[in-house]
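Reader: Please set out how the parts of this protein meet, treating one point at a time.

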Amino acid sequence: MKTPMESLPNNFTAVDPDYFKVKLVNWSIQSSCYLLVALLPLILRLFGLPAPWWLVIVPPVLVIGIALLVLRILRRQVRALGYQERTEDLVVRSGVLWRKQLVIPYGRMQYVEVTSGPVERRYGLCKLTLNTAAGAATAVIPGLRAETGEELRERLVAAGEANQL
Amino acid sequence: MNQWQRVHPASPFVHGWLAIVGLLWVYWQNTDELSWADRFSGSRLTWTVAIGSAALLLVLIFYALSWYFTRYKISETHVYVNSGMIFRSQKQARIDKVQGIDIAQPLVARLLGLAELRFDVADGSASVMRLSFLRKAHAHQLRTEILALAQGEVAAPSEDVEQPPAAEPVPLMAKVPAGRLLASLLLRVPTIIGLLGALSVGIVSITGNGAFVAGLLPILLGFGGWFYKELNNSWNFSASATDTGLRISHGLADTKQQSLPAGRVQSIQVSSPAFWRLLGWYRVEVNALGVGDEEFSNLLVLPVGDFNAVTQVMGILLPDLSAENQREVLLTAITTGTTHGFINSPVRAKTLSPGAWKHQAFLATQNCVITRFGWLSRSAAFVPHNRIQGMGWQQGPWERRHDLAGVRLYSAGGTIIGYLHQLDASVASEFFAVQAKRQVER
């Protein structure tokens, strides 16, 4: 075992591949918002207000470039998401460039939340959030099937009661 | 005891003195252009007096009602505080769940010799119950009585309120003299930046560039505010040992006494800002549950002190580091070096943290993890295994290129994080696996 990441793909449960679609929708909404802001100088110019050429060209190009870069790793981001229920704790991993793993002992759980936004609901997905007494130690597993999320929550709550520290 | 009592009649004033200041300010704003003679002559005098006294009467009635509806009762089992006339609030706390009582004195209360009791109750409620305000001696007496009740004793009924609070025979652990505090604050980077800023503003304003000065002034005020906050919080600081933990008292304008049971401490950070290292000074903060005003701020338990003061305070908060020569381990933890089993970042980390790599280290003992990080300003965090709420392993792209990884240990009650920075990736993985087992051991 070299880094935790390399030993992972086998024993981690991946999130639903449909979550990629949710990410894609969110990505397009976000990118168009940024693009709209970046296009402001161009709009000003169209209305006859003075805006230098570089300000018209540079921001949209930057925004589009970054958005395309993000798009490239979007699928990998979804594939990197995963969780593992161990005997005494839950492990959640995420991230492609900045890789992370978070371990939360069941006994430290305060409450478990299952939420779903409009886009997630459309694809029958939900997001599970696991809170502890420390704000930074909050595990989030997005992109679970609605029924998987419910089951996981039941199991986590049961495990939390069984493992009170 | 055991019957409803009222708080000190001046309490509403202490809560609401700003209202009176506000009234005066409004008056001042509206009569700015008048001279004093104009203000108090003819029909204007009548109006001023009439409106002024009406407003004053209104405020006084409000104060009186507020005072009338604020009552408290201490029974054998509970403390009750009722307040509010339109929105009634009734609060109660079970005495056997009371874990500590802080005595606080905001500036105005202090001028009037009043004090506020803040009950720290372990019943899961987030809000602190306050009883404000009482005469200081009375507050001290009540605190002693309630704490005695909380420990299962029946308090002796004492009628004599005038009697000064019984001096508790507690050994003094650390005291911060005013001179050292001021010196330590002057050596903090924000102070130095602020002073340099003030100096440059002075020079620029002599050469006459008003706009520039006006722009810098708010920033300077910010630094001034920071300095005052630190000073107010640390002035006349003393920490003493009690049966259960530490008792700290501090404050310049607003004085405060807080008790910190050692069992409430979640993690400890000993830090040494850049220039303090030359003098061997440290400051100690803790993450603690249910102590202090804000959820997301750390509790200061030693504003400035030398190594001896640190060992004394640490001896109360975390008496057992599970190391053989505890004192040397502590010294290594808060200075530098890899003796006593500390593992530091490999040389590969030099390109990422040219200054700090040598000093970043960690040590896992039987009952806690000690981590050290930082370059010019250095910190050491002590996180007991059974206080870890969650643990994160992380690796950024540049760390991956150098085969490095970091681990963070999160605990509740503040912002202190056990930070294992840029370790050899395999060391980090091994620690991550072993620590996951350690922190669920019972």
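Reader: How much area do domain 1 of chain A and domain 2 of chain A bury between them?

Author: In this predicted model, the assignment places domain 1 of chain A at 13-78 and domain 2 of chain A at 81-162. Carbon and sulfur atoms account for 67% of the area buried between the two domains. The total buried between them is about 1300 Å².

Reader: Which three residues supply 35% of the area that domain 1 of chain A buries against domain 2 of chain A?

Author: The contact takes 14 residues from domain 1 of chain A and 12 residues from domain 2 of chain A. On the domain 1 side, no other three residues supply more of the buried area than A:Thr13, A:Val15 and A:Tyr19.

Reader: What is the distance between the closest N and O atoms in the salt bridge of A:Asp16 with A:Arg145?

Author: Between the two domains of chain A the count is 2 salt bridges, alongside 5 residue pairs in polar contact. A salt bridge requires a side-chain nitrogen of Lys or Arg within 4 Å of a carboxyl oxygen of Asp or Glu. For A:Asp16 and A:Arg145, the closest N and O atoms lie apart by 2.7 Å.

Reader: Which element gives the most residues to the side of domain 1 of chain A that touches domain 2 of chain A?

Author: By class, that side of domain 1 of chain A has 7 nonpolar, 3 polar and 4 charged residues. Strand S1 (13-14), helix H2 (19-38) and helix H4 (53-80) of chain A each supply at least two residues to it. The most, 5 residues, come from H2(A).

Notes
Residues are numbered from 1 along each chain as its sequence is written. Chains are lettered from A and ligands numbered from 1 in the order in which they are written. This is a predicted model: local features need pLDDT of at least 70, side-chain atom pairs count only at pLDDT 80 or more; totals for chains, interfaces and linings use all residues. Side-chain values use heavy atoms; hydrogens and water are left out. Domain bounds come from an automatic or database domain assignment. Contact means heavy atoms within 4.5 Å. Buried area is the accessible area (1.4 Å probe) that two parts lose on being put together, summed over both. A polar contact is a pair of N or O atoms within 3.5 Å; within protein, one must be able to donate a hydrogen and the other to accept it, and residues adjacent in sequence count only if both atoms are side-chain atoms. Helices (H or I, at least four residues) and strands (E, at least two) are DSSP runs, numbered from the N terminus. Ala, Val, Leu, Ile, Met, Phe, Trp, Tyr, Cys and Pro count as nonpolar, Asp, Glu, Lys and Arg as charged, and the others, Gly among them, as polar.
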